[in-house]
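Look at the model below with its helices in mind. The text then takes them one by one.

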Amino acid sequence: RDGLLSEKAATVSDGGTPRGALLFSSAAVILVILSGSFEQIIALFAVLFLVLYVSAFLAVFVLRQREPALSRPYRALGYPFTTTIVLAGSVVFLAVAVVEDPRSALIAAVLAGFWPSST
């Protein structure tokens, strides 16, 4: 729906299931499973999780900057210091993962770049 994929991928069934996106996600998972060993799959998803962590911690800073008056039902304890420390650690882990396993990093970048958005 956000325009990253074709309009057909954004359509949902009467029950609300995004069938095109579900099919795309399933095909991506099947390709990953067929592409390598169990260790390769674990390495790939470790990089993907690190990308998600970095994105989430960056989102905290972006949201606080763009929407300073927004009500926050949950607090980031020690913000901005604790968030900065965890973000820095995640970036270091991600950098090491990219250097140690560039193949998994490349595949993760492709999947993260083309994965259907959940919003």
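What follows covers confidence, then two helices and their faces.

This is a predicted model, in which local features need pLDDT of at least 70, side-chain atom pairs count only at pLDDT 80 or more, and totals for chains, interfaces and linings use all residues. Residues are numbered from 1 along each chain as its sequence is written, and side-chain values use heavy atoms, leaving out hydrogens and water.

The protein chain has a mean pLDDT (the predictor's confidence in each residue, from 0 to 100) of 83. In the chain, 90% of residues reach 70 or more. Among the elements (DSSP runs numbered from the N terminus: helices are H or I, at least four residues; strands are E, at least two), helix α1 (residues 7-10) has the lowest mean, 71. Helix α4 (residues 81-100) has the highest, 94.

Take α2, residues 19-35. Its 17 residues should span 24 Å at 1.5 Å a residue (times one less than the number of residues), and its end C-alpha atoms are 24 Å apart, which agrees. Ala21, Ser25, Ala28 and Val32 are its buried residues (under 20% relative accessible area; exposed is over 50%, partly exposed in between; 1.4 Å probe, protein chains only). They fall within an arc of 60° seen down the axis (using directions from the axis to the C-beta atoms), so they line one face of α2. On the other side, Arg19, Leu23, Leu31, Ile33 and Leu34 are exposed.

Now α4. Its buried residues are Thr83, Leu87, Ser90, Leu94 and Ala97. Their arc is within 90°, so they too line one face of the helix. Phe81, Ile85, Val92, Val99 and Glu100 are exposed on the other side.
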